[in-house]
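Me: Could you take a close look at the inside of this protein for me, starting with its nonpolar core and going on to the pockets? I would like one connected account rather than a list.

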Amino acid sequence: MRHLLGIAGLPAEDIDHLMVLTDSFAEVGRRRMPKVPALQGRTVTWLFYEDSTRTRLSFEQAAKRLSANTLSFSVSTSSVRKGESLRDTVETIEAMGVDCIVVRHRSAGVPHQIARWVSASVVNAGDGWHEHPTQALLDCYTIREHLGGLDGLRIAIVGDVKHSRVARSDAWAFTTMGAEVTLVAPPTLLPPSTEGWPVRVSHDLDATLGDVDVVYLLRMQQERMTEALIPSLREYTACYGLTRRRVDLLGEKAIVMHPGPMNRGVEIAADVAALPRSVVIDQVRNGVAVRMAVLFELLGSGREEGDR
Ligand code: CP
(Lines give C-alpha, C1' and ligand atoms only; values in the text may rest on other atoms or scores of the structure.)
Protein backbone atom coordinates (compact mmCIF):
# COMPACT_ATOMS: atom_id res chain seq x y z
CA MET A 1 0.00 0.00 0.00
CA ARG A 2 1.51 3.33 -1.07
CA HIS A 3 -1.40 5.70 -0.33
CA LEU A 4 -4.67 5.41 1.59
CA LEU A 5 -7.15 7.41 -0.47
CA GLY A 6 -10.40 5.52 0.09
CA ILE A 7 -12.08 2.36 1.34
CA ALA A 8 -14.08 1.52 -1.80
CA GLY A 9 -12.15 -1.23 -3.55
CA LEU A 10 -9.99 -2.13 -0.53
CA PRO A 11 -10.18 -5.92 -0.14
CA ALA A 12 -11.28 -7.54 3.13
CA GLU A 13 -7.79 -9.07 3.52
CA ASP A 14 -6.22 -5.57 3.57
CA ILE A 15 -8.72 -4.32 6.17
CA ASP A 16 -8.14 -7.49 8.23
CA HIS A 17 -4.39 -6.99 8.00
CA LEU A 18 -4.75 -3.39 9.28
CA MET A 19 -6.99 -4.62 12.15
CA VAL A 20 -4.34 -7.11 13.26
CA LEU A 21 -1.63 -4.44 12.99
CA THR A 22 -3.86 -2.14 15.06
CA ASP A 23 -4.02 -4.78 17.81
CA SER A 24 -0.26 -4.54 18.25
CA PHE A 25 -0.26 -0.72 18.26
CA ALA A 26 -3.17 -0.65 20.73
CA GLU A 27 -0.91 -2.74 22.99
CA VAL A 28 1.86 -0.14 22.58
CA GLY A 29 -0.66 2.53 23.63
CA ARG A 30 -1.27 0.70 26.93
CA ARG A 31 2.42 0.71 27.89
CA ARG A 32 3.82 3.13 30.46
CA MET A 33 6.05 4.53 27.68
CA PRO A 34 3.74 4.28 24.64
CA LYS A 35 6.40 4.77 22.01
CA VAL A 36 8.25 2.54 19.50
CA PRO A 37 11.08 3.42 17.07
CA ALA A 38 9.24 2.06 14.00
CA LEU A 39 9.29 5.26 11.92
CA GLN A 40 12.52 6.86 13.13
CA GLY A 41 13.88 9.08 10.38
CA ARG A 42 10.51 9.41 8.60
CA THR A 43 8.61 12.70 8.45
CA VAL A 44 4.84 13.12 8.49
CA THR A 45 2.95 16.35 7.89
CA TRP A 46 -0.74 17.30 7.72
CA LEU A 47 -2.51 19.64 5.42
CA PHE A 48 -5.97 20.38 6.82
CA TYR A 49 -8.07 22.79 4.77
CA GLU A 50 -11.06 21.98 7.01
CA ASP A 51 -11.38 22.00 10.79
CA SER A 52 -10.68 18.86 12.79
CA THR A 53 -10.07 17.80 16.38
CA ARG A 54 -10.04 13.98 16.40
CA THR A 55 -8.42 13.17 13.06
CA ARG A 56 -5.74 15.86 13.19
CA LEU A 57 -4.67 15.21 16.79
CA SER A 58 -4.80 11.42 16.53
CA PHE A 59 -2.57 11.44 13.44
CA GLU A 60 -0.12 13.64 15.36
CA GLN A 61 -0.25 11.33 18.38
CA ALA A 62 0.15 8.28 16.11
CA ALA A 63 3.19 9.73 14.31
CA LYS A 64 4.85 10.68 17.61
CA ARG A 65 4.23 7.24 19.13
CA LEU A 66 5.98 5.75 16.08
CA SER A 67 8.95 8.15 16.59
CA ALA A 68 8.38 9.87 13.23
CA ASN A 69 9.36 13.51 12.82
CA THR A 70 6.29 15.70 12.55
CA LEU A 71 6.12 18.88 10.52
CA SER A 72 3.27 21.01 11.73
CA PHE A 73 1.39 23.01 9.11
CA SER A 74 -1.60 25.26 9.66
CA VAL A 75 -3.46 26.42 6.56
CA SER A 76 -4.87 29.43 8.42
CA THR A 77 -1.39 30.84 9.19
CA SER A 78 0.34 29.73 5.97
CA SER A 79 0.97 31.29 2.56
CA VAL A 80 -2.30 29.70 1.42
CA ARG A 81 -3.77 32.89 2.91
CA LYS A 82 -1.67 34.87 0.37
CA GLY A 83 -3.18 32.87 -2.47
CA GLU A 84 -0.59 30.10 -2.87
CA SER A 85 -2.07 27.28 -4.95
CA LEU A 86 -2.62 23.76 -3.65
CA ARG A 87 0.00 22.37 -6.04
CA ASP A 88 2.64 24.95 -5.04
CA THR A 89 1.86 24.31 -1.38
CA VAL A 90 2.29 20.53 -1.56
CA GLU A 91 5.39 20.73 -3.76
CA THR A 92 6.91 23.24 -1.32
CA ILE A 93 6.19 20.96 1.62
CA GLU A 94 7.56 17.90 -0.19
CA ALA A 95 10.79 19.76 -1.06
CA MET A 96 11.48 19.99 2.69
CA GLY A 97 11.63 16.19 2.84
CA VAL A 98 8.35 14.66 3.93
CA ASP A 99 7.45 10.99 3.55
CA CYS A 100 3.73 11.27 4.19
CA ILE A 101 1.12 14.00 3.74
CA VAL A 102 -2.16 13.62 5.61
CA VAL A 103 -4.75 15.79 3.88
CA ARG A 104 -8.28 16.99 4.58
CA HIS A 105 -10.03 19.17 2.02
CA ARG A 106 -13.57 20.38 1.36
CA SER A 107 -13.38 19.16 -2.27
CA ALA A 108 -13.75 15.50 -3.19
CA GLY A 109 -10.72 14.09 -5.01
CA VAL A 110 -8.06 16.49 -3.69
CA PRO A 111 -6.01 13.73 -1.93
CA HIS A 112 -6.03 11.73 -5.22
CA GLN A 113 -4.78 14.81 -7.08
CA ILE A 114 -2.01 15.40 -4.53
CA ALA A 115 -0.96 11.75 -4.84
CA ARG A 116 -0.37 12.37 -8.57
CA TRP A 117 1.84 15.40 -7.85
CA VAL A 118 4.15 14.08 -5.12
CA SER A 119 6.23 10.99 -4.46
CA ALA A 120 5.38 11.02 -0.73
CA SER A 121 2.59 8.79 0.56
CA VAL A 122 -0.79 10.49 0.86
CA VAL A 123 -3.53 9.71 3.38
CA ASN A 124 -7.06 10.99 2.84
CA ALA A 125 -8.25 12.45 6.16
CA GLY A 126 -11.61 13.42 4.64
CA ASP A 127 -12.39 14.89 1.19
CA GLY A 128 -15.69 16.71 0.84
CA TRP A 129 -18.65 14.31 0.85
CA HIS A 130 -16.51 11.55 -0.64
CA GLU A 131 -14.47 9.39 1.77
CA HIS A 132 -12.90 9.31 5.25
CA PRO A 133 -11.05 5.98 5.18
CA THR A 134 -9.30 6.08 8.56
CA GLN A 135 -12.64 6.83 10.26
CA ALA A 136 -14.07 3.67 8.65
CA LEU A 137 -11.07 1.63 9.80
CA LEU A 138 -11.34 2.83 13.39
CA ASP A 139 -15.09 2.15 13.27
CA CYS A 140 -14.46 -1.42 12.07
CA TYR A 141 -11.88 -1.86 14.81
CA THR A 142 -14.26 -0.56 17.50
CA ILE A 143 -17.08 -2.87 16.34
CA ARG A 144 -14.67 -5.81 16.26
CA GLU A 145 -13.51 -4.90 19.81
CA HIS A 146 -17.08 -4.79 21.19
CA LEU A 147 -18.90 -7.42 19.12
CA GLY A 148 -16.07 -9.75 18.06
CA GLY A 149 -16.19 -9.01 14.30
CA LEU A 150 -18.42 -7.62 11.57
CA ASP A 151 -19.41 -10.72 9.63
CA GLY A 152 -23.19 -11.19 9.78
CA LEU A 153 -23.89 -8.03 11.77
CA ARG A 154 -26.75 -5.67 10.90
CA ILE A 155 -25.75 -2.01 11.04
CA ALA A 156 -27.98 1.05 10.67
CA ILE A 157 -26.28 4.28 9.55
CA VAL A 158 -28.68 7.04 10.52
CA GLY A 159 -29.04 10.68 9.52
CA ASP A 160 -27.37 13.07 7.13
CA VAL A 161 -26.02 10.52 4.66
CA LYS A 162 -26.15 13.02 1.78
CA HIS A 163 -23.28 15.15 3.15
CA SER A 164 -21.38 12.37 4.90
CA ARG A 165 -18.02 11.03 3.78
CA VAL A 166 -18.13 8.83 6.91
CA ALA A 167 -21.33 7.13 5.67
CA ARG A 168 -19.72 6.33 2.32
CA SER A 169 -16.50 4.92 3.77
CA ASP A 170 -18.34 3.02 6.52
CA ALA A 171 -20.86 1.50 4.11
CA TRP A 172 -18.01 0.11 2.00
CA ALA A 173 -15.92 -1.03 4.95
CA PHE A 174 -18.77 -2.65 6.90
CA THR A 175 -20.16 -4.55 3.89
CA THR A 176 -16.68 -5.60 2.73
CA MET A 177 -16.25 -7.16 6.18
CA GLY A 178 -19.54 -9.05 5.85
CA ALA A 179 -22.07 -6.80 7.59
CA GLU A 180 -25.47 -5.79 6.24
CA VAL A 181 -25.95 -1.99 6.15
CA THR A 182 -29.23 -0.04 6.19
CA LEU A 183 -29.18 3.71 5.62
CA VAL A 184 -31.93 5.37 7.66
CA ALA A 185 -32.77 8.96 6.73
CA PRO A 186 -35.45 11.21 5.33
CA PRO A 187 -35.36 11.21 1.48
CA THR A 188 -33.90 14.74 1.46
CA LEU A 189 -30.83 13.62 3.45
CA LEU A 190 -30.01 10.71 1.15
CA PRO A 191 -27.88 11.07 -2.00
CA PRO A 192 -29.94 11.52 -5.21
CA SER A 193 -29.17 7.87 -5.99
CA THR A 194 -27.79 5.04 -3.87
CA GLU A 195 -27.37 2.85 -6.96
CA GLY A 196 -24.06 1.05 -6.66
CA TRP A 197 -24.02 1.40 -2.87
CA PRO A 198 -24.05 -2.00 -1.13
CA VAL A 199 -26.91 -0.94 1.19
CA ARG A 200 -30.64 -1.02 1.91
CA VAL A 201 -32.57 2.17 2.60
CA SER A 202 -35.26 2.90 5.19
CA HIS A 203 -37.05 6.06 6.25
CA ASP A 204 -38.35 4.54 9.51
CA LEU A 205 -35.88 4.52 12.40
CA ASP A 206 -38.29 3.02 14.96
CA ALA A 207 -38.97 0.04 12.69
CA THR A 208 -35.22 -0.55 12.15
CA LEU A 209 -33.81 -0.35 15.67
CA GLY A 210 -35.06 -3.72 16.94
CA ASP A 211 -33.15 -5.56 14.20
CA VAL A 212 -29.68 -4.01 14.44
CA ASP A 213 -26.46 -4.78 16.29
CA VAL A 214 -25.00 -1.30 15.73
CA VAL A 215 -26.74 2.04 15.38
CA TYR A 216 -24.31 4.52 13.82
CA LEU A 217 -25.48 8.13 14.10
CA LEU A 218 -24.23 10.78 11.70
CA ARG A 219 -23.74 14.42 12.56
CA MET A 220 -26.24 16.84 11.06
CA GLN A 221 -23.81 18.81 8.87
CA GLN A 222 -25.53 22.15 8.83
CA GLU A 223 -22.40 23.86 7.47
CA ARG A 224 -22.72 21.81 4.26
CA MET A 225 -26.46 22.39 3.76
CA THR A 226 -27.16 25.07 1.19
CA GLU A 227 -30.94 24.64 1.29
CA ALA A 228 -33.58 23.70 3.84
CA LEU A 229 -33.55 19.89 3.64
CA ILE A 230 -35.57 19.32 6.80
CA PRO A 231 -38.47 21.36 8.21
CA SER A 232 -36.60 22.01 11.50
CA LEU A 233 -34.02 20.37 13.76
CA ARG A 234 -36.81 19.74 16.28
CA GLU A 235 -38.72 17.74 13.67
CA TYR A 236 -35.56 15.87 12.62
CA THR A 237 -34.95 14.86 16.24
CA ALA A 238 -38.57 13.77 16.65
CA CYS A 239 -38.23 11.34 13.70
CA TYR A 240 -34.53 10.40 13.62
CA GLY A 241 -32.87 11.41 16.91
CA LEU A 242 -31.68 8.59 19.19
CA THR A 243 -33.63 9.31 22.35
CA ARG A 244 -33.89 7.22 25.54
CA ARG A 245 -37.24 5.90 24.31
CA ARG A 246 -35.64 4.68 21.09
CA VAL A 247 -32.67 3.10 22.89
CA ASP A 248 -35.21 0.82 24.60
CA LEU A 249 -36.07 -0.58 21.14
CA LEU A 250 -32.48 -1.83 20.69
CA GLY A 251 -31.37 -5.36 21.51
CA GLU A 252 -29.52 -5.90 24.77
CA LYS A 253 -26.05 -6.07 23.16
CA ALA A 254 -26.49 -3.39 20.47
CA ILE A 255 -23.97 -0.57 20.55
CA VAL A 256 -24.30 3.13 19.67
CA MET A 257 -21.62 4.88 17.59
CA HIS A 258 -20.99 8.43 16.34
CA PRO A 259 -17.91 9.80 14.52
CA GLY A 260 -18.05 13.10 16.42
CA PRO A 261 -18.41 15.94 16.89
CA MET A 262 -21.86 15.18 18.33
CA ASN A 263 -24.81 17.57 18.20
CA ARG A 264 -26.21 16.57 21.58
CA GLY A 265 -29.98 16.95 21.64
CA VAL A 266 -30.20 16.68 17.83
CA GLU A 267 -29.06 13.31 16.44
CA ILE A 268 -28.25 11.89 19.89
CA ALA A 269 -29.72 12.74 23.30
CA ALA A 270 -27.13 13.75 25.90
CA ASP A 271 -28.15 10.92 28.26
CA VAL A 272 -27.85 8.37 25.43
CA ALA A 273 -24.28 9.51 24.70
CA ALA A 274 -23.43 8.71 28.33
CA LEU A 275 -24.80 5.14 28.32
CA PRO A 276 -22.31 2.21 28.59
CA ARG A 277 -23.50 0.97 25.16
CA SER A 278 -22.34 4.27 23.61
CA VAL A 279 -18.76 3.60 22.40
CA VAL A 280 -17.95 7.07 21.07
CA ILE A 281 -14.91 7.56 23.33
CA ASP A 282 -13.59 4.10 22.36
CA GLN A 283 -13.82 5.19 18.71
CA VAL A 284 -11.61 8.20 19.52
CA ARG A 285 -9.13 6.08 21.51
CA ASN A 286 -8.91 3.47 18.76
CA GLY A 287 -8.30 6.24 16.22
CA VAL A 288 -4.73 6.61 17.47
CA ALA A 289 -3.85 2.90 17.15
CA VAL A 290 -5.55 2.59 13.74
CA ARG A 291 -3.64 5.61 12.43
CA MET A 292 -0.39 4.17 13.80
CA ALA A 293 -1.18 1.02 11.78
CA VAL A 294 -1.87 3.04 8.63
CA LEU A 295 1.31 5.14 8.94
CA PHE A 296 3.37 2.03 9.67
CA GLU A 297 1.85 0.19 6.70
CA LEU A 298 2.66 3.11 4.37
CA LEU A 299 6.07 4.11 5.71
CA GLY A 300 7.40 1.19 7.73
CA SER A 301 7.16 -2.51 6.95
CA GLY A 302 10.75 -2.47 5.67
CA ARG A 303 10.01 0.07 2.93
CA GLU A 304 13.03 2.03 1.83
CA GLU A 305 13.27 5.46 0.22
CA GLY A 306 13.88 3.90 -3.20
CA ASP A 307 10.62 1.90 -3.03
CA ARG A 308 8.51 5.02 -3.46
N1 CP B 1 -14.66 12.20 13.10
C2 CP B 1 -13.92 13.23 12.65
O3 CP B 1 -13.45 13.26 11.51
O4 CP B 1 -13.75 14.22 13.59
P5 CP B 1 -12.88 15.55 13.36
O6 CP B 1 -13.61 16.39 12.34
O7 CP B 1 -12.82 16.21 14.73
O8 CP B 1 -11.52 15.15 12.86
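Reply: Happy to: here is a walk from the core to the pockets, and then to a few single residues.

A word on the ground rules: this is a predicted model, in which local features need pLDDT of at least 70 and side-chain atom pairs count only at pLDDT 80 or more, while totals for chains, interfaces and linings use all residues. Residues are numbered from 1 along each chain as its sequence is written, and side-chain values use heavy atoms, with hydrogens and water left out.

Let's begin with the core. A nonpolar core here is a set of buried Ala, Val, Leu, Ile, Met, Phe, Trp, Tyr and Cys residues joined through side-chain atoms within 4.5 Å. Buried means under 20% relative accessible area, exposed over 50%, and partly exposed in between, with a 1.4 Å probe and protein chains only. The largest such core has 89 residues, and F25, I155 and F174 have the most contacts inside it. Its largest share, 10 residues, comes from helix α11, residues 280–299. Helices (H or I, at least four residues) and strands (E, at least two) are DSSP runs, numbered from the N terminus. A second, separate core of 18 residues includes F73, V110, I114 and V118. As background, nonpolar side chains tend to be buried together in soluble globular proteins.

F174 makes a good place to zoom in. Contact means heavy atoms within 4.5 Å. Not counting residues up to four places away in sequence, F174 touches D139, C140, I143, L150, I155, I157, A179, V181 and Y216. One of these partners, I143, sits in helix α5 and counts as buried because its relative accessible area is 0%. Leaving aside neighbours within four places in sequence, I143 is in contact with G148, G149, L150, L153, I155, F174, V214, I255 and M257. Of these, V214 is 71 residues from I143 in sequence, yet the two lie 8.1 Å apart in space, C-alpha to C-alpha.

C140, another partner of F174, is buried because its relative accessibility is 0%. C239, in contrast, counts as partly exposed because its value is 40%. The structure holds zero disulfides, a disulfide being a pair of cysteine sulfur atoms within 2.5 Å.

S169 lies in helix α6 and is buried because its relative accessibility is 0%. Its contacts, again leaving aside neighbours within four places in sequence, are I7, E131, H132, P133 and A136.

Helix α6 (165–176) also leads us to the largest pocket, since α6 and α2 (54–65) each supply at least two residues of its lining. On a 1 Å grid over the protein atoms alone, a pocket is an open set of points where a 1.4 Å probe fits, with protein on both sides within 12 Å along at least five of seven lines; lining residues have an atom within 4 Å of a point. Grid points are joined across faces, edges and corners, and a volume is the space filled by probe spheres set on the points. By that reckoning, the largest pocket holds about 400 Å³ of space. Its lining has 22 residues, with R104, R165, R219, G260 and P261 nearest the centre. By class, four are nonpolar, 10 polar and eight charged; Ala, Val, Leu, Ile, Met, Phe, Trp, Tyr, Cys and Pro count as nonpolar, Asp, Glu, Lys and Arg as charged, and the others, Gly among them, as polar.

Two of those central residues deserve a pause: the peptide bond from G260 to P261 is cis, with omega near -10°. P261 is found in the loop between β9 (255–257) and α10 (270–273).

The second largest pocket has about 230 Å³ of space. It is lined by 13 residues, and the closest to its centre are A26, R30, R285, N286 and A289. Helices α1 (12–29), α5 (133–147) and α11 each supply at least two lining residues. The lining divides into five nonpolar, two polar and six charged residues.

N286 belongs to helix α11 and counts as buried because its relative accessibility is 5%. Setting aside neighbours within four places in sequence, N286 is in contact with L138, Y141, T142 and E145.
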